[in-house]
Amino acid sequence: SSPPQPDQGLPPPLAAVPVPWKSTDPCQGHRESPGALVETSAGEEAQGQEGPAAAQLDVLRLRSSSMEIREKGSEFLKEELHRAQKELKLKDEECERLSKVREQLEQELEELTASLFEEAHKMVREANMKQAASEKQLKEARGKIDMLQAEVTALKTLVITSTPASPNRELHPQLLSPTKAGPRKGHSRHKSTSSTLCPAVCPAAGHTLTPDREGKEVDTILFAEFQAWRESPTLDKTCPFLERVYREDVGPCLDFTMQELSVLVRAAVEDNTLTIEPVASQTLPTVKVAEVGCSSTNTCALSGLTRTCRHRIRLGDSKSHYYISPSSRARITAVCNFFTYIRYIQQGLVRQDAEPMFWEIMRLRKEMSLAKLGFFPQEA
């Protein structure tokens with residue numbers, strides 16, 4: 001068999017390379033002997049027979065090594081290609097996912113922008129509607145304020161000429177005589193603050209109290225407490241001025257035998273919700289305790305004593321009535337007059353100096369003390 005053809009790029013076999021004839025010693029000028037030439041040619045011939053086999057083995061080794069290198073290189077390149085393709089695929093998937101996320105974010109941003117614009121327009125519309133409603137309410141409130149100011153001015157004009165000491169009878173029809181006031185059917189109703197004993201209304205500015213023959217001397221402690229209260233008038237019973245009045249006058253004056261009803265009466269007086277009604281003689285019923293629920297016209301609901309009761313009281317919006325005696329009525333109306341006067345001071349309707357106001361309060365306290373002790377004017 002012929003030897004395999006050498007691959008391209010490999011060196012030719014050694015046997016194919018011509019060997020030039022040369023002398024073994026370059027310094028010798030003569031050639032070797034014919035015997036030596038024969039031995040040399042024989043040796044070369046034997047060497048020439050062994051050379052192609054060795055060269056063939058070398059070629060085979062080189063071929064096998066090159067094939068192995070090619071196979072390993074191709075496998076390595078395939079692995080690299082496969083790895084690169086896999087990375088490209090992952091990157092494509094990542095790019096696709098990111099593009100979807102971007103599209104979703106853009107869509108959400110558009111929806112959010114649209115909703116924000118819609119909400120902003122809605123808020124603007126609501127603000128405009130509220131502004132219009134507020135302007136309307138402000139206009140109505142200003143109209144009411146103007147009306148109330150006119151009414152207050154008219155009220156001041158009416159009550160400025162009346163004082164608790166000298167009430168204006170034209171402003172209080174209940175003080176007129178029966179011939180002037182006209183006939184009344186049944187019974188009339190009026191608040192306890194407008195009692196016939198001493199109706200408390202605002203005194204006029206600079207009005208001089210009615211002089212009496214009793215000596216007067218200002219108590220410095222009481223006057224100092226009143227001055228402190230007058231700087232910022234309040235109905236809080238914890239302030240020193242009202243606390244003293246509650247302790248010395250209001251509490252004892254409204255301390256009746258029937259304790260539960262006394263507490264209710266005191267609370268109604270403080271809230272200005274107590275109503276006193278005179279009972280007409282022709283409407284006096286027989287004893288009906290079940291209907292009235294508290295007393296009869298012959299028994300006072302506060303003291304529990306048997307007295308002729310010509311008045312009855314009602315607490316707030318309650319439908320129950322309590323018949324009271326003239327002494328109990330005098331005690332209640334004395335306290336009501338005091339509270340009415342200090343309310344006028346708190347509302348700024350009293351235009352007087354501190355001393356006349358102080359003496360008017362002392363007079364009202366005196367009435368509470370007398371009523372507490374059982375002194376009351378006889379009814380006509």
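What follows is a walk through the aromatic contacts, salt bridges and surface patches of this structure, which is a predicted model.

Let us begin with the aromatic side chains. A pair of aromatic rings is described by the distance of the centres and the angle of the planes. The count of such pairs here comes to nine. One of them joins Phe-223 and Phe-358 in an edge-to-face arrangement, 5.2 Å centre to centre and with 85° between the planes. This pair links distant parts of the chain, since Phe-223 sits in helix α3 (residues 220–231) and Phe-358 in helix α8, 135 residues apart. How do the two partners fare for exposure? Phe-223 counts as partly exposed at 21% relative accessibility, a value to be read against the limit of under 20% for buried residues. Phe-358, at 2%, counts as buried.

Staying with helix α3, you will find another pair in Phe-226 and Trp-229, this one tilted, with 6.1 Å between the centres and 35° between the planes. The two residues are three apart in helix α3, so about one helical turn separates them. Phe-226 is buried, with a relative accessible area of 0%, and Trp-229 is buried as well, at 4%. Both pairs belong to a wider group: Phe-223, Phe-226, Trp-229, Phe-241, Phe-358 and Trp-359 form one aromatic cluster.

Helix α8 is also a good place to turn to charges. Across the whole structure, a search finds 15 salt bridges. In one of them Glu-360 meets Arg-363, with the closest N and O atoms 2.8 Å apart. Being three residues apart in helix α8, these two are separated by about one helical turn. Glu-360 counts as buried at 3% relative accessibility, while Arg-363 is partly exposed at 23%. Arg-363 has another partner in Glu-367, and here the N to O distance is 2.6 Å. Glu-367 and Arg-363 are four residues apart in helix α8, so they too are separated by about one helical turn. Glu-367 is partly exposed, with a relative accessible area of 23%. Elsewhere, salt bridges that share partners join Glu-225, Glu-243, Arg-244, Arg-247, Glu-248, Asp-249 and Arg-365 into one network.

Now follow helix α1, which spans residues 34–159. The side chains of Lys-100 and Glu-96 meet in a salt bridge of 3.9 Å, N to O. These residues lie four apart in helix α1, so about one helical turn separates them. Glu-96 is partly exposed, with a relative accessible area of 45%. Glu-111 lies in helix α1 too, and it joins Glu-103, Glu-106, Glu-108 and Glu-110 in a negative surface patch. Glu-111 is partly exposed, at 49% relative accessible area.

A surface patch of nonpolar character brings us back to helix α8. Leu-370, Leu-373 and Phe-375 form this patch, with about 330 Å² of accessible area together. Leu-373 lies in helix α8, which covers residues 354–373. With a relative accessible area of 61%, Leu-373 is exposed.

One backbone detail rounds off the tour. Where does Asn-272 lie? Asn-272 is in the loop between α5 (259–271) and β2 (274–278). Although Asn-272 is not a glycine, its phi is positive, at about 60°. Asn-272 is partly exposed, with a relative accessible area of 35%.

Note on methods
Residues numbered from 1 in each chain as written. Predicted model: local features only at pLDDT ≥ 70, side-chain atom pairs only at ≥ 80, totals over all residues. Heavy atoms only, no water. Patch = residues over 30% accessible without salt bridge, like charges linked within 9 Å, V, L, I, M, F, W, Y side chains within 5 Å. Areas by Shrake-Rupley, 256 points an atom, 1.4 Å probe, with all protein chains shown as cover. Salt bridge = Lys/Arg side-chain N within 4 Å of Asp/Glu carboxyl O. Lys, Arg positive; Asp, Glu negative; His and termini not counted. Charge placed at Lys NZ, Arg CZ, Asp CG, Glu CD. Buried < 20%, exposed > 50% of the residue type's maximum accessible area, 1.4 Å probe, protein only. Phe/Tyr/Trp six-rings, centres within 6.5 Å; stacked < 30°, edge-to-face > 60°.
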